[in-house]
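Here are some short exercises on side-chain packing for you to work through. Keep the model open beside you as you go.

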Amino acid sequence: MGIIEAIILGIVQGLTEFLPISSTAHVRIVPAIFGWDDPGAAFTAVIQLGTLIAVLIYFRKDLIDAVVGWVKSIVDPGRRNTYESRMGWAIFIGTIPIVIFGTLFKHRIENDLRSLHVIASSLIGMGLLLLLAERVGTKQRDVGRVTVGDGLLVGLFQAIALIPGASRSGSTITGGLFAGFDRASAARFSFLLSVPSVFAAAIFSLKEHAHAFQGDLLVPAIVANIAALISGYAAIAFLISYLQKHGTVVFVVYRVLLGLVLFGLLFTGVLSPDQGLPTKPDISAAQK
């Protein structure tokens, strides 16, 4: 992987990680369009460290308050009804579903589900679900009224993001809207909830594929993370500001159109479902 390719993938990762349009889909589609090899699920997970740092910087006070409130509630159960405690527990409970499903379906997520057919379907499907949440959500609650139950509900939606193309922010913002949060609060909770799972996925992938990142991928990974950090911070600031005044329909339209275009490219043969993916060995031929 060249430096220019790493910068482009980092920028794409940073911008699309927080906008509800799926970073995994774009990091998978962009190389396919340019004829590059798929960077792989491991590289995709590792460059999320850049976007994780962007969240830690932007929401540093919220995260510190949540952790402190969570710890205090364990020491003193009487503190469990504070906002900080409820947010801490909501993040903790909300992380459990994605850990369970991510562990159970790890192999399929990193291999079979990276098909462009799956990504196109997820782009459209989650886009329509986001539109439904936009239409039926009451948008009467702010993030200060978060509960542990909200953590479980939005956490279940976060697990949907394991399907490439669904989008972590897209699925969790959808869950937040279904829970009755206003758009900006749904986005804020989405970003806070992402911290433990993104950190765990990145560290796990880095550990599992450490040999690759000790070689040719080390410099591209560092460059991509820096690009993802800068573009990710800008994306967070933009989305929080945008959702205070506007709805999510523009993202729904983009997702559906991108999914349809992708299906069109697949149907016409311009792209193949496994474009750029590593070639699987022919086991049957090897056994003959």
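The exercises below deal with a nonpolar core and with aromatic pairs.

This is a predicted model, where local features need pLDDT of at least 70, side-chain atom pairs count only at pLDDT 80 or more, and totals for chains, interfaces and linings use all residues. Residues are numbered from 1 along each chain as its sequence is written, and side-chain values use heavy atoms, with hydrogens and water left out.

**Exercise 1.** Find which element gives the largest share of the largest nonpolar core.

Solution.
- Start with the term: a nonpolar core is a set of buried Ala, Val, Leu, Ile, Met, Phe, Trp, Tyr and Cys residues joined through side-chain atoms within 4.5 Å. Buried means under 20% relative accessible area, exposed over 50%, and partly exposed in between (1.4 Å probe, protein chains only).
- The largest core has 39 residues, and Phe-59, Met-87 and Phe-191 are among those that touch the most other members.
- Helices H4 (48-58) and H11 (183-208) are among the elements that give two or more residues; helices are DSSP runs (H or I, at least four residues), numbered from the N terminus.
- H11 supplies the largest share, nine residues.

**Exercise 2.** Classify the ring pair of Phe-18 and Phe-191.

Solution.
- Rings of Phe, Tyr and Trp (its six-membered ring) pair if their centres lie within 6.5 Å; planes under 30 degrees apart are stacked, over 60 edge-to-face, and the rest tilted.
- Here the centres are 5.2 Å apart and the planes at 85°, so the pair is edge-to-face.
- Phe-18 is buried at 2% relative accessible area, and Phe-191 is buried at 1%.
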